[in-house]
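Dear colleague,

I am handing over the structure we spoke about, and I have added some notes on what was found in it. Please keep it open beside this email while you read.

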Amino acid sequence: RFALIGCGGMGRADAGNAAGFGDLVAVCDVDAGHAARAVEQFTDGARRPDSTGDFRRLMERNDIDLVLNATPDHW
């Protein structure tokens, strides 16, 4: 189970590649539109990733084994 921080185009592409190895359970982005697009892209039937704008919420979770950080350089 993994989470994505940074849900822009490259982040979603990276998460798409990583999805072959695990389940995306949560996404995080300061831009709510980017996060919403990631949730839409990675919703599969009843499996829908959670969304947050605060990466600390991801760090508090016990069900995430890996965090994919796809934030831009200036972040």
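Before the sheet is described, one term is needed: two strands are said to pair if DSSP finds at least two bridges between them. Please also bear in mind that this is a predicted model.

With that in hand, the sheet can be followed strand by strand: 4 strands form an open sheet, their order is β3-β2-β1-β4, and the pairing is parallel. At the edges lie β3 (50–52) and β4 (66–69), each of which pairs on one side only. From one strand to the next, the twist averages 20 degrees.

Strand β1 (residues 2–5) runs parallel to β4, and 4 bridges join the two; within this pairing, I5 stands opposite N69 in β4.

Two helices pack on the sheet. Helix α1 (residues 9–18) touches β1, β2 (24–28) and β4, and its direction makes about 165 degrees with that of β1. Helix α2 (residues 32–42), for its part, touches β2 and β3, and its direction makes about 165 degrees with that of β2.

Turning to the surface, F55, M59 and V67 make a nonpolar patch of about 270 Å². Of these residues, V67 takes us back to the sheet, since V67 is found in strand β4. Why can V67 count towards a surface patch? Its relative accessible area is 34%, which makes V67 partly exposed, and a patch is made of residues with over 30% relative accessible area and no salt bridge, so V67 passes the area cut-off.

With best wishes

Key: Residues numbered from 1 in each chain as written. Predicted model: local features only at pLDDT ≥ 70, side-chain atom pairs only at ≥ 80, totals over all residues. Heavy atoms only, no water. Axes fitted to C-alpha atoms, helices over the stretch in contact; angles between N-to-C directions. Contact = heavy atoms within 4.5 Å. Patch = residues over 30% accessible without salt bridge, like charges linked within 9 Å, V, L, I, M, F, W, Y side chains within 5 Å. Areas by Shrake-Rupley, 256 points an atom, 1.4 Å probe, with all protein chains shown as cover. Salt bridge = Lys/Arg side-chain N within 4 Å of Asp/Glu carboxyl O. Buried < 20%, exposed > 50% of the residue type's maximum accessible area, 1.4 Å probe, protein only.
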